[in-house]
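Reader: I would be grateful for a close look at one part of this protein, namely its charged side chains. Please explain which of them pair with one another and where they are placed.

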Amino acid sequence: MSIQSIRLFGDPVLRTPAAPVVDFDKELRKLVKDLTDTMMDAPGAGLAAPQIGVGLRVFTYYVDDQLGHLINPDLDLSADLDEEGEEGCLSFPGLSFPTPRAIRAVAKGFNMHGEPVVLEGTDLMARCFQHETDHLDGILFIDRMDSKQRKLAMKAIREAEWSGLSAPTVKFSPHATGGRAL
Ligand SMILES: [Zn+2]
């Protein structure tokens, strides 16, 4: 098991677009395992690499007893929307809000061995693919809400006990300056 800590809203990594995976190597397989273990431990229905601080286009999902992962995803979405479905996010613990999403999604990408994969999802699975792919673009579910719903969500977020916990911290390297002050 290699459970990682999940980054909370406010952490800049969640607003940073992730880079495409180029090397389908051992390190990538470890990332998929870390994401899977962390998602299952949370527990969650999906987890994207930026949520554990890794800027690569990888996510895992666990929906309707189906466990999997997708790398470098590309989505085709249905025009029909589910306007009212509740959605949560592991980076916003304990909160969920109605978030409009396409009802069906076809997700093309690769598995960790570099083989092409096509996944089709409806309802919660489609919602998961959209939510996780958004994470890879630095987009969060609050961005998908209409302005009225977003205001309600932001109020709940400000009042949440974890709010502000991920205010930027300044890290010092003990080696960078050879011990001398700048
Ligand atoms: Zn999320």
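**Charged side chains and their partners**

Author: Arg57 counts as buried, because its relative accessibility is 14%, and a residue is called buried under 20%. The model in which this is seen is a predicted one. The side chain of Arg57 meets that of Asp137 in a salt bridge, with 2.9 Å from N to O. This pair links distant parts of the chain, 80 residues apart. Arg57 belongs to the loop between strand E1 (46-48) and strand E2 (58-63), while Asp137 belongs to the loop between helix H2 (123-136) and helix H3 (147-159). Unlike the buried Arg57, Asp137 counts as partly exposed, because its relative accessibility is 35%.

A second pair joins two strands. The side chains of Lys108 and Asp76 form a salt bridge at 3.8 Å, N to O. Lys108 is part of strand E8 (residues 104-110) and Asp76 is part of strand E3 (residues 66-77), so this salt bridge ties together parts 32 residues apart in sequence. Both ends count as partly exposed: Lys108 has 39% relative accessibility, and Asp76 has 46%.

A third pair lies within one helix. Asp34 and Lys30 meet through their side chains in a salt bridge of 2.9 Å, N to O. The two residues are four apart in helix H1 (residues 26-41), which means that about one helical turn separates them. Asp34 is buried, at 7% relative accessibility, whereas Lys30 is partly exposed, at 48%.

Charged residues also occur in a wider arrangement. Asp82, Glu87, Arg101, Arg127, Asp134 and Arg144 are connected in a network of salt bridges. The count of salt bridges in the protein comes to 13.

Other acidic residues gather on the surface. Glu83, Glu84, Glu86 and Asp146 make up a patch of negative charge there. Glu83 sits in the loop between strand E4 (81-82) and strand E5 (86-88), and its relative accessibility of 45% is the reason that Glu83 counts as partly exposed.

The setting of these residues may now be described. The protein has three helices and nine strands, and from the N terminus its elements follow the order α-β-β-β-β-β-β-β-β-β-α-α. Of its 182 residues, 43% count as buried. The C-alpha atoms fill a box of roughly 60 × 45 × 25 Å along the principal axes. The radius of gyration is 17 Å, which agrees with the value near 16 Å for a compact globule of 182 residues.

Notes
Residues numbered from 1 in each chain as written. Predicted model: local features only at pLDDT ≥ 70, side-chain atom pairs only at ≥ 80, totals over all residues. Heavy atoms only, no water. Patch = residues over 30% accessible without salt bridge, like charges linked within 9 Å, V, L, I, M, F, W, Y side chains within 5 Å. Areas by Shrake-Rupley, 256 points an atom, 1.4 Å probe, with all protein chains shown as cover. Salt bridge = Lys/Arg side-chain N within 4 Å of Asp/Glu carboxyl O. Lys, Arg positive; Asp, Glu negative; His and termini not counted. Charge placed at Lys NZ, Arg CZ, Asp CG, Glu CD. Buried < 20%, exposed > 50% of the residue type's maximum accessible area, 1.4 Å probe, protein only. Rg over C-alpha atoms; globule rule 2.2 N^0.38 Å.
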